[in-house]
Amino acid sequence: GRIRHYKWDVKYEYKSPDCVKKLAITINGRSPGPTILAQQGDTIIVELTNSLGMENLAIHWHGIRQIGTPWSDGTEGVTQCPILPGDTFSYRFVVDRPGTYMYHAHYGMQRQAGLYGSIRVSVPDGVSEPFAYDYDRSIILNDWYHKSTYEQAAGLSSDPFVWVGEPQSLLIQGKGRFNCSKLTTLNLEPGVCNATNPECSPYTLTVVPGKTYRLRLTSITALSALSFQIEGHNMTVVEADGHYVEPFTVKNIFIYSGETYSILVKAEQDPSRNYWMTTSVVSRNSTTPPGLAHFNYYPNHPQRSPPTDPPAGPLWDAVEPRLAQSLAIKARQGYIYPPPATSDRIIVFLNTQNKIDGYTRWSVNNVSFTLPETPYLIALKESRGNAQHLFDQKPPPEGYNFTSYDIYSVANNTNATKSDSIYRLKFNTTVDIILQNANTLTNNNSETHPWHLHGHDFWVLGYGEGKFDINSDPARYNLVDPIMKNTVPVHRYGWTALRFVADNPGAWAFHCHIESHLYMGMGVVFEEGIEKVGKLPSQNMGCGITKGFWKP
Ligand code: C2O
Ligand code: CU
């Protein structure tokens, strides 16, 4: 493969993605950052300079497994020390599979300040994809807050707790539109909201009548689960998280933070007008208005508004269509890689919201995750087997009390704790994970959580409603043609079952992709084959036990 070398300068700049001016994190002046375009087998080198001035930095390459390069995963606290202001860090990794991926900040809650972008990996020369299209486009969906990341993070770790609330806008490829007349309540200075700023004119996708477009949809939302649709057009789903899907056609697609989909859309409607592309929040009774963009038939003017009202999205609280979409996703015929028939270990993760020492937290089996001072990869490699004092060595729980726990009631987890302990997996073993959803601290409320695994893809064996039953539900697993993914939703009061092979030496985060949920402890870390990890680059060090470590 080729080497693709990027030099990125990351800094804060005033941006108006939704017409409201605020400090956003940019890469070479842009948010979303540049799209990485590569071919399977290429080596990506990103030389990243932290020009944020007062904030640390790390960037994660979401969906790239980092086989043999666990130190390039970019997960601060797990695989590296933060990149300090003024420092430069070189990420180097191979994109070994075609598909649609993303990158984003993985330090604190920095992702939602605008540090994100698309990665598109094409098939090698001479290989063709199992579907045809004329043009290939990337569209990132995001939600957007007017408060700074700092203010949000501080609120989440306060007592009394200050929730981040619903986002102010939804962005399609970095553009949204806040209604400036609503700003008075926020008491902002005049001129801060400018509806005529070209920076916030709607994103337009110009299409040529009769042509077929592959749209690579990515959701990088901080909080929201989304539905996306194109007025008057069907879309055919053909790829999910880098894997070919047995095609199915929908009017709207549900997409959760951390997921990617390729959809095929044919420009076959009346070409004398433009159409809306819309995205709206589902799963939460959100106050956030839909995000709008133009599906522009050439040669109409790209900024000409469609003559119709934007189509209403699906009902926010209808779980059935969302579960139905999850169940409709199967591996494509001819591209089926069945999972091992059995697993060596089953871990059940009960997702609950808890109060710990008066603070609101998220927990997995009553343990709310915290990061240690020394990132795990460094702790495990550099302490020469003497990591006892670097993180909690007691293995975290493999499950919860299935018989007595009522997933429909407000949790009464008086024994919830915080911990930085991790799951040690035997190298090359097959592991099943059952994610079990439950009630939050609010009566009759359960939330959707998109869980993302670093360093691997997993097979999605099944979804179900209610409490997972270890005696009967595994018999319903799809072991024939399950899709592989790296991010998967756990629906309200439901469960999701995954299987993966622990064959990638390193330390890997597995967490809810909702920015505030991870910040509040909704995650775990897996370690496997640590003795097979090569020598860590010195640039990963400089914190914890490697504090003051000299860097060349
Ligand atoms: Cu895209 Cu650890 O996340
Ligand atoms: Cu969550």
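In what order do the 4 strands of the open sheet with mixed pairing run? The order is 3-8-7-5. Before I go on, a reminder: this is a predicted model.

Let's stay with that sheet. Two strands sit at its edges, strand 3, residues 36-39, and strand 5, residues 59-62. Each of them pairs on one side only. Ignore direction, and neighbouring strands here are turned by 20 degrees against each other on average.

Now take strand 5 and its partner. Strand 5 pairs with strand 7, residues 99-105. The sense is antiparallel, and there are 4 bridges. If you want a place to look, find H62 and go across to M102 in strand 7, its bridge partner.

Let me step back to the whole chain. It has 4 helices and 32 strands. The radius of gyration is 23 Å, and the globule rule gives 24 Å for 552 residues. Those two values are close, so the chain is as compact as a globular protein of that length. Along the principal axes, the C-alpha atoms fill a box of roughly 70 × 55 × 55 Å. Of the 552 residues, 51% count as buried.

What about contacts along the sequence? Take those between residues at least 6 apart. Of these, 79% join residues at least 24 apart.

Next, the second sheet I want to show. This one is open too, with 5 strands and mixed pairing. Read across it and you get 24-32-31-26-29. The edges are strand 24, residues 423-425, and strand 29, residues 487-490, and each pairs on one side only. From one strand to the next, the twist averages 25 degrees.

Inside this sheet, look at strands 31 and 32. Strand 31 covers residues 506-512. It runs antiparallel to strand 32, and 6 bridges join the two. H511 stands opposite G523 in strand 32.

Strand 32 spans residues 523-528, and F526 lies in it. Is F526 buried or exposed? It is buried: 25 other C-beta atoms lie within 10 Å, and the cut-off for buried is 20 or more. Which residues does F526 touch, leaving aside its neighbours within four places in sequence? The list is I422, Y423, L425, W508 and F510. There is also A507, 19 residues from F526 in sequence. In space, their C-alpha atoms are 5.7 Å apart.

On to a hairpin. Strand 20, residues 345-356, and strand 21 pair in the antiparallel sense over 6 bridges. N354 stands opposite R361 in strand 21. The hairpin has 2 residues between its strands. In that turn, D357 has a positive phi of about 50 degrees.

Why call strand 21 largely enclosed by the rest of the structure? Strand 21 runs over residues 359-364, and 5 of its 6 residues are buried, so the rest of the structure largely encloses it.

Last, a helix. Helix 1 covers residues 149-156. Its buried residues are T149, Q152 and L156. Look down the axis of helix 1: these buried residues fall within an arc of 65 degrees, so they line one face of the helix. What covers them? Helix 4, residues 515-519, is included in that cover.

To recap, I showed you the 3-8-7-5 sheet, the 24-32-31-26-29 sheet, the hairpin of strands 20 and 21, and the buried face of helix 1. That's my tour.

Conventions. Residues are numbered from 1 along each chain as its sequence is written. Chains are lettered from A and ligands numbered from 1 in the order in which they are written. This is a predicted model: local features need pLDDT of at least 70, side-chain atom pairs count only at pLDDT 80 or more; totals for chains, interfaces and linings use all residues. Two strands pair if DSSP finds at least two bridges between them. Axes are lines fitted to C-alpha atoms, for helices over the stretch in contact, and angles run from 0 to 180 degrees between N-to-C directions. A residue is buried if 20 or more other C-beta atoms lie within 10 Å of its own, exposed if 12 or fewer, and partly exposed in between; C-beta atoms are placed from the backbone. The radius of gyration is taken over C-alpha atoms; the globule rule is 2.2 Å times the number of residues to the power 0.38. Two residues are in contact if their C-beta atoms, placed from the backbone, lie within 7 Å. The arc is that of the directions from the helix axis to the C-beta atoms.
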